[in-house]
Structures are given as structure tokens and as C-alpha cells.
Amino acid sequence: MPPPDTTIDALLRGTAAVYTRDELAARLAKASAARRPLRVKLGLDPSSPDIHLGHTVVLGLMRRFQDLGHVAVLIIGDYTARIGDPTGKSKTRPMLTEQEIDANAQTYLEQATRVLDPDPSRLEVRRNSEWLSKLTFADTIRLASHMTVARMLERDTFDKRYKAGQPISVHEFLYPLMQGWDSVCIRADVELGGTDQTFNNLVGRDFQIANEQPPQIVITMPILRGLDGQEKMSKSLGNYIGVTESADEMFGKTMSIPDHLMAEWFTLCTTAPAGEIEALCDAQRTHPRQAKERLGREIVNRFHGPEAAERAAQEFASRFREGNLPADLETHRLALECPGVLDLMREVGFAASNSEARRLVAQGGVSIDEQKISDPMLTVPLSADGIILRVGKRRICRIVRG
RNA sequence: GGGUAGGUACCGAAGCGGUCAAACGGGUCAGACUGUAAAUCUGAUGGCUUAAGCCUUCGGAGGUUCGAAUCCUCCCCUGCCCA
């Protein structure tokens with residue numbers, strides 16, 4: 001019995017491209033007939049230890065495969081991380097040491113299972129050093145012979161860098177080869193990735209064919225744009241929401257995205273049906289603030305549960321709409337009697353230097369006990385009750401003598 | 001190996017002997033407004049003291065000069081062209 005189309009549609013929700021859908025349908029049908037789960041590959045580059053919402057887009061698709069009974073094969077690219085994936089980079093990435101990679105891989109796994117089903121029968125975790133470290137130089141040359149320079153340069157990230165006159169090191173060309181070899185070694189049926197991985201993933205197909213394996217089906221997901229609404233979400237750009245962040249942070253950051261980004265986030269980060277998303281993102285039918293609030297709740301709910309989502313939404317409204325103090329006000333103890341405002345700001349980390357602190361005061365961004373201050377030389381008597389120091393909208397804390 | 005163009009603050013990019021802490025854009029931060037940490041507008045954006053002042057920055061190391069990001073020498077890194 002081939003799986004009905006509706007199953008495949010649900011599975012492919014939000015995907016950017018499938019190479020090819022017919023092959024996928026056939027492979028799914030064959031798997032179910034043979035009662036053999038598909039091996040679904042996803043490679044992760046542990047060059048940065050934290051998983052953010054952008055990663056969860058593809059992880060979510062992987063989870064849907066798991067839920068249908070297939071096996072997620074997560075490849076920690078510990079070996080490839082020594083090279084650095086050139087994808088989307090204007091510069092060659094730095095290589096990592098083994099210790100860094102190990103630590104990152106560990107964290108990665110912990111965080112990935114916040115989306116993936118950790119059941120060992122549904123999740124297989126491998127490191128590609130397992131097979132890549134055994135390749136001889138001769139093997140490597142043989143692999144390289146399957147690829148041509150022209151195809152390599154077609155790849156848009158190389159193409160752009162090349163045309164822009166930016167450096168490309170030869171070792172970066174090896175990255176797609178290694179990744180393709182991964183697919184052969186784990187006998188992948190399907191490989192998932194962001195659209196920026198299309199080239200790498202398709203190399204896997206070629207290598208598998210060359211090694212007399214059925215070629216993997218490649219499914220790509222759109223790249224999630226980050227908080228700025230322009231660039232792809234990434235740690236290095238700082239426009240991300242990490243899966244381990246607090247409920248309040250997740251909610252607040254979501255509220256800060258530009259309105260035009262909502263539809264994309266609803267589609268890629270929540271399970272809301274398409275019709276509903278359309279209604280939510282139509283300003284005529286739904287107030288944008290309400291839509292965004294809903295988005296924030298959905299996201300927090302996914303990682304912290306419904307109670308936390310509710311709390312975060314309320315806390316946000318209380319703090320930023322009504323201007324109240326945060327529920328859990330951070331308290332700093334200082335062993336000073338009568339410090340100046342500037343010192344206070346530096347002590348609690350609200351300003352990096354005296355000049356910066358002075359600037360903030362001059363700009364009217366600083367208040368003590370909700371009283372805006374204008375004199376940078378002001379001294380503040382500290383008592384046991386302490387004072388409330390506020391800088392801008394978001395930085396606020398209590399300071400007591402102690 | 002030869003030729004040639006470059007390396008400037010968080011990023012991009014001007015400046016090419018003093019008026020340069022260094023234009024401009026982005027980012028970030030603050031303020032106003034608001035629908036929110038949206039959008040828009042305004043301002044700030046090396047450090048120390050704030051009045052004037054002082055100190056550290058323009059790939060690295062030396063040098064010329066009263067004075068250099070700007071000139072010279074050597075070195076390191078990168079693009080392009082030729083071989």
C-alpha cells in the first residue's frame with residue numbers, strides 16, 4: 001500500500017524542494033511494504049555549540065519522519081568541522097580543535113533532542129570522523145575525481161565569492177565531497193537540509209550511484225530569517241533565538257521581529273495550518289500585535305510548555321505595555337555606601353565604560369526608583385531596601401547594600 | 001616566479017602629510033511616537049576626565065618629519081592578470 005498523498009503532503013509541510021517527490025513516494029511505499037524504516041540523514045556542523053530556531057526547521061521535518069516510524073540518522077560533522085563549511089560565508093571559517101568539537105557535539109545532541117525523538121530505535125547518532133578519518137589520500141583523490149571544478153564553481157556560494165574576488169581555499173572544495181561520502185557510508189535513503197545545502201546534498205546522490213546504492217532523496221527546507229527580518233538566522237549574526245533560552249527571552253525576541261516576517265515564522269516554526277496563518281498575517285483580519293503574540297506563545301510553548309508560554313505573554317504585556325517592573329527582578333549586592341550613578345551602571349554591567357554610562361544619562365535613558373536622572377555626578381545612598389536602577393527599556397535591576 | 005590592486009574603528013567603506021578619534025552607510029544603544037523589544041522620526045556610538053585637556057587606535061616592525069592613517073624600508077595577509 002503506497003502512503004496516501006495526504007500523508008506525504010503533511011510530511012512535506014513547508015519544504016522548499018524535493019529531489020524528487022516521485023522517488024520519495026516510491027521509496028516510502030517500498031519501505032512500508034518491506035517493513036523497513038527509511039534512514040533519514042541530517043548532517044550538523046558542530047562549529048557553534050548552540051541550536052537555534054533556524055536549525056529546528058529542518059529538525060522538525062526530521063521529527064515528522066521519526067513519527068512515521070523512520071530512523072533519524074544524525075551526523076555530527078566532527079571531521080568536517082575541522083574544515084569549516086564554506087556555505088554562505090564571505091570568509092573561510094576557522095578550523096576547530098578536537099576539544100572544541102567534542103564539547104560542541106555534546107551540547108548539540110542535548111539540544112537537538114528537544115526537537116527529535118530520542119528513542120534509540122528512532123535516532124542514530126554518528127560522527128563522520130568514524131569513516132572520514134580512515135580515508136587515505138588515494139581514496140580522497142578518487143572521491144575528488146567524481147567532481148569537476150566547473151560544477152564546484154557553479155555552486156552559488158563559491159560563485160559569489162569568486163566573482164566578488166574573495167578568497168576560496170582549495171580545502172573548502174573537499175567539504176561537499178566529505179558530506180557526500182557520509183551518505184554512502186550510512187546508506188541514507190533521504191537527506192534533509194536547508195536550501196543552502198542543496199549542492200552538498202545532491203553530491204551524496206552522485207556518490208551513491210557511483211557506489212551502486214539507490215540515490216538518496218534530497219529534501220530541503222527554506223532558510224529561516226532571523227530577528228532582523230533580512231539575514232538568515234545565525235549565531236554569528238546574533239539574530240537568533242536559541243532553543244535553550246528562557247521563555248521570556250524567546251517571547252520578547254519574537255515580539256521584536258518585523259511584522260513582515262510573521263508568515264514565514266508561523267509556517268516554519270509552528271504547526272498552524274496554512275489557512276489560519278493567512279488569517280493571522282492579514283492585518284485586516286488580525287491585529288498584528290495579536291498575531292505576533294500568538295506566534296510568541298506558539299514558540300515558547302514548543303520549548304517550555306503552555307504554562308510558560310502564558311506566563312511569558314503576561315510578563316511581556318506587564319513590562320512593556322504597562323511599564324511595570326519585571327516579575328523576577330534581579331538583585332545586585334554592592335558593598336558601597338554612596339556610589340555614583342556611573343559606578344552603579346558599570347558595576348551591574350549596564351555600561352561598559354564611564355563614557356558610555358555618562359552618554360546614557362545624557363540621553364535620558366537612566367532612572368533610579370523610576371525617577372529619570374540627568375546629573376551624571378549624582379551619588380546614590382544605598383540602603384538595605386536598595387534602589388531600582390533602570391537603563392533603557394530592557395535593562396533593570398535592584399541594587400542593595402551588602 | 002613576474003606584474004598589479006588592496007589591508008582603516010563591530011561590519012562595509014571614504015580619507016592619501018597637519019583643520020583625523022578619522023566622512024558616509026549598516027549594525028548597536030538611547031529618546032520621541034506607537035500596536036510590541038514592529039514601523040517611522042531624532043540623537044549617540046574609542047577610553048580617561050569633562051571646561052578647555054590628555055591617552056590609545058588606521059595589517060606588523062622600523063624610519064623620515066616640528067607633525068603621519070596619509071611619505072620611505074622590510075615583513076605578513078588577500079584579490080586580479082600573466083607564466
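## Surroundings of RNA strand B

In this predicted model, 34 residues surround RNA strand B. The closest are Met 255, Ser 256, Arg 321, Ser 355 and Arg 358. Sugar and phosphate make up 70% of the strand's atoms that come within 4 Å of the protein.

By class, the surface near RNA strand B has 12 charged, 12 polar and 10 nonpolar residues.

## Polar contacts to the strand

Two arginine side chains reach bases. A polar side-chain atom of Arg 358 sits 2.5 Å from a base oxygen of RNA strand B. For Arg 394, a polar side-chain atom is 2.9 Å from a base nitrogen of the strand. Ser 256 uses its backbone instead: an N or O atom there lies 3.2 Å from a sugar or linking oxygen of RNA strand B.

Which elements give two or more residues to this surface? They are α11 (247–255), α14, α15 and α17 (354–362). The largest share, 5 residues, comes from α17.

## Packing of α11 on α14

The axes of α11 and α14 come within 9 Å and cross at roughly 150°. Angles over 145 degrees count as roughly antiparallel, and α11 and α14 are therefore roughly antiparallel to each other. The crossing is right-handed.

From α11, the contact takes Ala 247, Met 250, Phe 251, Thr 254 and Met 255. Across from them, α14 supplies Arg 289, Lys 292, Glu 293, Leu 295, Gly 296, Arg 297, Ile 299, Val 300, Phe 303 and His 304. The residues of this contact divide into 8 nonpolar, 3 polar and 4 charged. Met 255 thus has two roles: it meets α14, and it is one of the closest residues to RNA strand B.

## Packing of α14 on α15

Helix α14 spans residues 288–304 and helix α15 spans 306–321. Their axes come within 7 Å and cross at roughly 140°. That angle makes α14 oblique to α15. This crossing is right-handed.

On the α14 side, the contact is made by Arg 289, Glu 293, Arg 297, Val 300, Asn 301 and His 304. On the α15 side it is made by Pro 306, Ala 308, Ala 309, Glu 310, Ala 313 and Arg 321. By class, there are 5 nonpolar, 2 polar and 5 charged residues.

## Residues in more than one setting

Arg 289, Glu 293, Arg 297, Val 300 and His 304 of α14 appear in the contact with α11 and in the contact with α15. Arg 321 of α15 takes part in the contact with α14 and is among the closest residues to RNA strand B.

Notes
Residues are numbered from 1 along each chain as its sequence is written. Chains are lettered from A and ligands numbered from 1 in the order in which they are written. This is a predicted model: local features need pLDDT of at least 70, side-chain atom pairs count only at pLDDT 80 or more; totals for chains, interfaces and linings use all residues. Side-chain values use heavy atoms; hydrogens and water are left out. Axes are lines fitted to C-alpha atoms, for helices over the stretch in contact, and angles run from 0 to 180 degrees between N-to-C directions. Helices (H or I, at least four residues) and strands (E, at least two) are DSSP runs, numbered from the N terminus. Angles under 35 degrees count as roughly parallel, over 145 as roughly antiparallel, 65 to 115 as roughly perpendicular and the rest as oblique. A crossing is left-handed if the near helix is turned anticlockwise from the far one by less than a right angle, and right-handed if clockwise. Contact means heavy atoms within 4.5 Å. Ala, Val, Leu, Ile, Met, Phe, Trp, Tyr, Cys and Pro count as nonpolar, Asp, Glu, Lys and Arg as charged, and the others, Gly among them, as polar. A residue is near a molecule or strand if one of its heavy atoms lies within 4 Å of it. A polar contact is a pair of N or O atoms within 3.5 Å; within protein, one must be able to donate a hydrogen and the other to accept it, and residues adjacent in sequence count only if both atoms are side-chain atoms.
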